[in-house]
Amino acid sequence: MAAPVTAELIRRQAEELQRFRHAEGRAEELAAEVTALNDAAHDAAWELGDEDEPGNFPRALLGGMRKADAP
Amino acid sequence: MTWRLRWPDPAELSLTEAADAVRDGSLSSLALTEACLARIEVHDPKLKAFISIEREAVLEAARRADVERAAGRIRGPLHGVPLAHKDMYYRKGHISTCGSKIKRNDVPDVTSTVLARLEAAGALYVGGLNMSEFAAGPTGHNEHYGDCRNPWNRAHITGGSSSGSGAATAARLVYGAMGSDTGGSVRLPAGLCGVVGLKPTYGRISRYGALPRSWSNDTMGPLCRTVADCALMTQVVAGADPNDPTAAAVPVGDYAAAADRGVDGLRVGLPKGYFADGVADEVARVLEEAAGELETAGARIVDVLVPDLKPVYRLGDIISKSEAASYHGKWMRSCPEDYGGHTRTRTEAGFHIPATHYLDALRLRGRHIEAFLATVLTACDVLLAPVIPMLTPRIDETAFHDAGNVPEVVTMMTAFTRPMNYLGLPALSVPGGFGPGNLPISFQVIGRPFDEETLFAVGGAFQRATEWHDAAPTL
């Protein structure tokens, strides 16, 4: 697992990439939440294959409909 | 008629009964509307369910509906029935605040498909209902319009974000209301206020003209006092829409008939693992008793091991926060002070999720749906689950104090609801009993994509066997 996201990275990303400033002390609080979310994506991404694309979502919904002869 | 003896106040009729009464002429639309307005006047100051009330306009619409009926013209199945909706469904030329300071004076130039369909069916519009600011919180707090209060016990939250929809429907201020559900925002207020709420399949009901929270997770759904009412409202608003390309061209079922058809032979799953671990005793008891009622009604109860859905929850959260940050970016840069604490802190992390991770979460979605269908929803036809794992929290214990101190209970509130938004599956919240503090406890019925009919069948069978839905709060 990579090193946790730091408050300094949150601050710099907000100011340099997103062009806004977090309230005082907020970068420290966000660092843990952002670490958890990005770790979740990292961990799950190992499953991805060539065939995985966003359009599989509606396809899976339509494909998963109850069959007409089901109870 | 028997209902006159049971419910001397017309506001206490169900939506279906109210619509029938207008249609057969036993009650006027004006009588229904005046009854609702009278209750709103007395009780809403205590509940804060409404943001706006269009008293004169709805009375005029009711008189018009009565004239039309007298002339033999019935617009549709909701002719003359007063409803109100989460204040995020746009109406051309009318303010939709979205529960925010930022949109306090915002006048949309479109009308949402949902409201257009309700109006075409004859429904009347009483007003805009309170909600979590920008549909962003699971509790029902609102720093701009006041915290909505649970009609059963006003010290407790309604659940959110469709807080006013739950409170107004439970308190008999209106016969039903539309809400929206991105991570539980219909099911939570329905569940905590003791009414029925549908989170439909993604794509079942058009999102056009409604405030977005997360385009990929947003669903629009009704909150009503009975399953039959919910089926009726869904019937009116569901279906494809050229204005919303994600509204699927899947035929709309006969939901009213489905609510009556029973559960004979249906395999109803009782969860083990996720949806069962760490659940409060009272909540678990309601779920088991609901299963018992359904078994008596003819269903077959099967134990189903549900895998850990925390990864699914987090992937849904990544999508929601990323999309919310995109939607709110311009205001968070220009007027961050106009946001309440709940909303700001539930959105900011989205600015720090790389686009690659957002896309990975989207790419994984089809895979996770197929896995859930192949395991859980192959072992059963529908799955029962609690709406929340704990008893309904108080308003003060879930209030926002500072960003670093968002109570753990708030985070836990969506543990059982958000996964179904990522998976896109339909879920119906049904009241199943009461817990300490005279507060409702509800359960969800989760089904296959676009199979709202089976959810209504299960909910309808449960309500025919029980009387929880007839209980009304003392205000």
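User: Buried means under 20% relative accessible area, exposed over 50%, partly exposed in between (1.4 Å probe, protein chains only). What share of chain B counts as buried?

Analyst: This is a predicted model: local features need pLDDT of at least 70, side-chain atom pairs 80 or more, while totals for chains, interfaces and linings use all residues. Residues are numbered from 1 along each chain as written, chains are lettered from A and ligands numbered from 1 in written order, and side-chain values use heavy atoms, without hydrogens or water. Chain B has 475 residues, and the buried share is 66%.

User: What radius of gyration does chain B have?

Analyst: The C-alpha trace spans about 60 × 55 × 45 Å along its principal axes. The globule rule, over C-alpha atoms, is 2.2 Å times the number of residues to the power 0.38. For 475 residues a compact globule would come out near 23 Å, and chain B agrees, with 21 Å.

User: What percentage of the contacts in chain B with a separation of 6 or more joins residues 24 or more positions apart?

Analyst: Contact means heavy atoms within 4.5 Å. The chain that makes these contacts has 17 helices and 11 strands; helices (H or I, at least four residues) and strands (E, at least two) are DSSP runs, numbered from the N terminus. Pairs 24 or more positions apart supply 78%.

User: Which residues have the most contacts inside the largest nonpolar core?

Analyst: A nonpolar core is a set of buried Ala, Val, Leu, Ile, Met, Phe, Trp, Tyr and Cys residues joined through side-chain atoms within 4.5 Å. The largest has 127 residues, and the most contacts inside it belong to B:Leu118, B:Phe275, B:Phe372, B:Leu383 and B:Phe456.

User: How many residues does the second core have?

Analyst: This core is separate, and includes B:Ala49, B:Cys148, B:Ala168 and B:Ala171. Its residue count is 20.

User: Which residues does B:Gly460 touch, not counting those up to four places away in sequence?

Analyst: B:Gly460 lies in helix H17, residues 452–465 of chain B. With 7% relative accessible area, B:Gly460 is buried. B:Phe456 is in contact with nine residues' worth of neighbours that include B:Val227 and B:Ala259. B:Gly460 also touches B:Val227 and B:Ala259.

User: Where is B:Cys98, and what is its relative accessible area?

Analyst: Most residues other than glycine have a negative phi. Phi of B:Cys98 is positive, near 60 degrees. B:Cys98 sits in the loop between strand E2 (82–86) and helix H5 (113–120) of chain B. This residue is buried, at 0%.

User: Near what value is phi of B:Phe134?

Analyst: B:Phe134 is in the loop between E3 and H6 of chain B. Its relative accessible area is 0%, so B:Phe134 is buried. Phi is positive here, in a residue other than glycine, and lies near 55 degrees.

User: Which residues does a cis peptide bond join?

Analyst: Most peptide bonds are trans. B:Ser161 is found in the loop between strand E3 (124–129) and helix H6 (163–170) of chain B. Omega is about 10 degrees for the cis bond, which joins B:Gly160 and B:Ser161.

User: Is A:Gly25 buried or partly exposed?

Analyst: A:Gly25 is found in the loop between helix H1 (7–18) and helix H2 (26–45) of chain A. Its C-alpha atom is separated by 46 Å from that of A:Gly64, 39 residues apart along the chain. At 31% relative accessibility, A:Gly25 counts as partly exposed.
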